[in-house]
Amino acid sequence: MASSSDSKGKENKVSTAPKTLLLGRHEIEEFLSMNEALRVVENAFKLKAQGKAIMPRKIYLDLSEYQGDYRAMPAYIDGSAGVKWVSRYQNNRKYNLPAVMAIITLCDPKTGYPLVIMDGTLITRMRTGAAGGIAVKYLARKDSTVIGMIGAGIQARAQLLAISEVLPRIGEVKVFDQYRDARLRYTEEMGAELNISIRPVETVEAATEADIVVATTYATGPVVKKQHIKPGTHINAIGADAPGKQELEADLLSGAKIVIDEIEQACHSGEINVPLSEGYLKVEDIYCTLGEVAAGMKKGRENDAEITIFDSTGLAIQDIVCAKLVYEKAKGREVTTFDFFD
Ligand SMILES: NC(=O)c1ccc[n+]([C@@H]2O[C@H](COP(=O)([O-])OP(=O)(O)OC[C@H]3O[C@@H](n4cnc5c(N)ncnc54)[C@H](O)[C@@H]3O)[C@@H](O)[C@H]2O)c1
């Protein structure tokens, strides 16, 4: 605070602090495209692989009595410090609310002053989609054209949006969900949005007959089986992001090239968490991180026969770089602001 005096000699405090921005979903939609999310998230993965980010492991607040949980996800990357506070309530469908909801705050790393508080729900969707898109870019066969979606919820939409940005040609998308109405809605909505051929299928096996398989369920047991995955397939395993969650059969992992987003998180809560804890897999079986592949430190796909798996848990650095991009764009615009300490 700076000081000035009025005519009666009374001291007024003049705040030199910037206003804090408050950004809702519409602003995130306006300021963040999937293309930009892909660019900044890929760069974040590279910076992390090069040791240029600080990111403690996310912590969980488990409210199992409500069938929900919260995660606190802090990070410092590329000059930005912030945290995401994100919940996961898998029965929110009945309240007409998303299963995953979040807020993100960025602070000035020199002073800690809160620069912005924003919706993190859409950013979570976009940055997770972007991670899947980057995995496809580096790990899927270049001639991949058929995509099989397991799960037809919110993340299934973001994944397909990102993949459509990185894959030269999508021939067909097959979608399976445990709920018939979910797979029909997905087919209709995503087909119209991306103008591609999407077909609902009635079994997991029909969907996994594909070049790229994307699993986005909240399953806690294997849904995708080894016997249904042909050589050369790439799999994005997105849904498992908490201890006990699992979408792929353990046998499928043990024969594949496993690329993770971050070792501690993946072991704790990623697709590999159950096979590791049950002894089907060892930490040494993990090939590397996606950041190491993107930064050229490790090879991605090496032939057309290997099965590659990207195990995504979701990193705070992905959120912070997307939030920073949104904040930088919003600064010069007419958006809601407030004085944090007045
Ligand atoms: N890795 C990450 O960074 C990340 C980020 C966001 C969400 N997630 C996780 O991804 C999962 C999906 O999130 P969402 O927001 O899309 O949820 P959602 O509820 O919108 O969609 C999940 C869909 O999966 C279907 N499903 C569940 N179990 C199934 C099964 N056994 N077989 C077939 N379909 C099944 C459901 O019917 C639903 O349509 C959650 O587990 C979530 O925690 C991970």
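This is a short tour of the ligand site and one strand residue in a predicted model.

**Stop 1: the ligand.** Start by selecting the ligand and looking at where it lies: the ligand sits in the largest pocket. Now show the residues around the ligand. There are 22 of them, and the closest are Gln155, Asp177, Gly239, Asp241 and Lys245.

**Stop 2: the polar contacts.** Next, select Asp241 and show its side chain. An N or O atom there is 2.8 Å from an oxygen atom of the ligand. Move on to Lys245, where a side-chain N or O atom is likewise 2.8 Å from a ligand oxygen. Then pick Gln178: here the distance between a ligand oxygen and an N or O atom of the side chain is 3.1 Å. How much of the ligand's accessible area does the protein cover? On its own the ligand has 860 Å² of accessible area, and the protein covers 90% of that.

**Stop 3: the shell as a whole.** Colour the shell residues by type. You should find six nonpolar, 11 polar and five charged residues. Now highlight helix 3 (121-139) and helix 4 (154-166), since each of these helices gives at least two residues to the shell around the ligand.

**Stop 4: Val214.** Finally, select strand 13, residues 212-215, and find Val214 within it. Is Val214 buried or exposed? Val214 is buried, because its relative accessible area is 0%, and the cut-off for buried is under 20%. To link this stop back to the ligand, draw a distance from the C-alpha atom of Val214 to that of Gly239: the two are separated by 9.3 Å, while the residues lie 25 apart along the chain. Gly239 is one of the closest residues to the ligand.

Key: Residues are numbered from 1 along each chain as its sequence is written. This is a predicted model: local features need pLDDT of at least 70, side-chain atom pairs count only at pLDDT 80 or more; totals for chains, interfaces and linings use all residues. Side-chain values use heavy atoms; hydrogens and water are left out. A residue is near a molecule or strand if one of its heavy atoms lies within 4 Å of it. A polar contact is a pair of N or O atoms within 3.5 Å; within protein, one must be able to donate a hydrogen and the other to accept it, and residues adjacent in sequence count only if both atoms are side-chain atoms. Accessible areas come from the Shrake-Rupley method with a 1.4 Å probe; for residues, only the protein chains shown count as cover. On a 1 Å grid over the protein atoms alone, a cavity is a set of points where a 1.4 Å probe fits but cannot get out, and a pocket is an open set with protein on both sides within 12 Å along at least five of seven lines; lining residues have an atom within 4 Å of a point. A molecule sits in a cavity or pocket if more than half of its atoms lie within 2 Å of its grid points. Helices (H or I, at least four residues) and strands (E, at least two) are DSSP runs, numbered from the N terminus. Ala, Val, Leu, Ile, Met, Phe, Trp, Tyr, Cys and Pro count as nonpolar, Asp, Glu, Lys and Arg as charged, and the others, Gly among them, as polar. Buried means under 20% relative accessible area, exposed over 50%, partly exposed in between (1.4 Å probe, protein chains only).
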